[in-house]
Amino acid sequence: FELVSLTVPLVTCRHLFSQPESINVAVLGGFKAGKSSFINTLAEQALLPVSAIPATAVLTSATGGKQLCATVTFLGGKTRLVSPNNLAEWVTEEGNPHNAKEVRSVRIEAPGLLRWPGLVFLDTPGLGSVFTHNTKTSLAFLSRVEAAVLAISCTQPLSDVDAELLRRLREI
């Protein structure tokens, strides 16, 4: 019926039905809001790199697994197992500036996340940093979000970036 207002919800529903065994929980927010640290806390170990400067540059999913392992998926579709200890080389702006390694996403599995069965936590690049390409990566992903956690600073009022993100999430 070409109901344009239903396009985004339909895309999300199709994705949910194509992978019924899991739900993507995007951890979104401004840069340095603690998104990676939040996921590390859930996993009860330092899975994802954190830094004093904006760190996450590539969508990184974290889910429960019997063994700690990480898989890089490249823009061309190829995959590669990498050491979880070297994740920063693939997912950070410092280790992979402007995504020169052409990484589409990274998936890490960790025993500490087994207590959250069926949930895949998505660490997203921060919004509003000087790296505008990272903001674009996060915003482009919004249509595939099934659930979201918005990380905000506890020491500052809600920013314009956070408020706009909340508006966008409400529309999904």
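This short presentation describes the fold of one protein chain, from its overall layout to a few individual residues.

Good morning. The model I am presenting is a predicted one, and I shall begin with the chain as a whole. It has 172 residues, and 39% of them are buried. The accessible surface amounts to about 9,900 Å², with carbon and sulfur atoms contributing 58% of that area. Taking the contacts whose separation is 6 or more, 72% are between residues 24 or more positions apart.

Turning to secondary structure, the chain contains 5 helices and 7 strands. Their succession along the sequence is α-β-α-β-β-β-α-β-β-α-β-α.

In what order do the strands lie in the sheet? The order is 4-3-5-2-6-1-7, in an open sheet of 7 strands with mixed pairing. The edges are occupied by strand 4, residues 79–82, and strand 7, residues 147–151. Each of these two has a single partner strand, so one of its sides is left without a neighbour in the sheet. From one strand to the next, the twist averages 25 degrees.

As a general reminder, strands of a sheet pair through backbone hydrogen bonds, in either a parallel or an antiparallel arrangement. In this model, strand 2, residues 60–64, is paired with strand 5, residues 103–110, in the parallel sense, and 5 bridges connect them. Within that pairing, threonine 60 has valine 106 of strand 5 as its bridge partner.

Helix 2, residues 35–43, packs on the sheet. The strands that helix 2 touches are strand 1 (23–29), strand 2, strand 6 (119–123) and strand 7. The direction of helix 2 makes about 150 degrees with that of strand 6.

I now come to strand 1 itself. How many of its residues are buried? The count is 6 of 7, and strand 1 is thus mostly covered. Strand 1 runs parallel to strand 6, to which 5 bridges join it, and valine 27 stands opposite aspartate 123 of strand 6. Strand 1 also pairs with strand 7, again in the parallel sense and over 5 bridges. Here valine 25 faces alanine 147 in strand 7. Helix 5, residues 160–171, lies across strand 1 and strand 7. Its direction is at about 170 degrees to that of strand 7.

Let me next direct your attention to the loop between helix 3, residues 88–91, and strand 5, where asparagine 99 is found. The phi angle of asparagine 99 is near 55 degrees, a positive value in a residue other than glycine. Is asparagine 99 buried or partly exposed? Its relative accessibility is 23%, and therefore asparagine 99 counts as partly exposed; the cut-off for a buried residue is under 20%. Glutamate 102 belongs to the loop between helix 3 and strand 5 as well. Glutamate 102, too, has a positive phi, near 55 degrees, and is a residue other than glycine.

Finally, the surface. Which residues make the nonpolar patch of about 260 Å²? They are Leu3, Leu6 and Leu10. Of these, leucine 10 is placed in helix 1, which spans residues 7–18. Leucine 10 counts as partly exposed because its relative accessibility is 41%.

To conclude, the picture is of an open sheet of 7 strands with mixed pairing, on which helix 2 packs, while helix 5 lies across strand 1 and strand 7. Thank you for your attention.

Note on methods:
Residues are numbered from 1 along each chain as its sequence is written. This is a predicted model: local features need pLDDT of at least 70, side-chain atom pairs count only at pLDDT 80 or more; totals for chains, interfaces and linings use all residues. Side-chain values use heavy atoms; hydrogens and water are left out. Patches are made of residues with over 30% relative accessible area and no salt bridge: like charges are joined within 9 Å, nonpolar side chains (Val, Leu, Ile, Met, Phe, Trp, Tyr) within 5 Å. Accessible areas come from the Shrake-Rupley method with a 1.4 Å probe; for residues, only the protein chains shown count as cover. A salt bridge is a side-chain nitrogen of Lys or Arg within 4 Å of a carboxyl oxygen of Asp or Glu. Helices (H or I, at least four residues) and strands (E, at least two) are DSSP runs, numbered from the N terminus. Buried means under 20% relative accessible area, exposed over 50%, partly exposed in between (1.4 Å probe, protein chains only). Contact means heavy atoms within 4.5 Å. Two strands pair if DSSP finds at least two bridges between them. Axes are lines fitted to C-alpha atoms, for helices over the stretch in contact, and angles run from 0 to 180 degrees between N-to-C directions.
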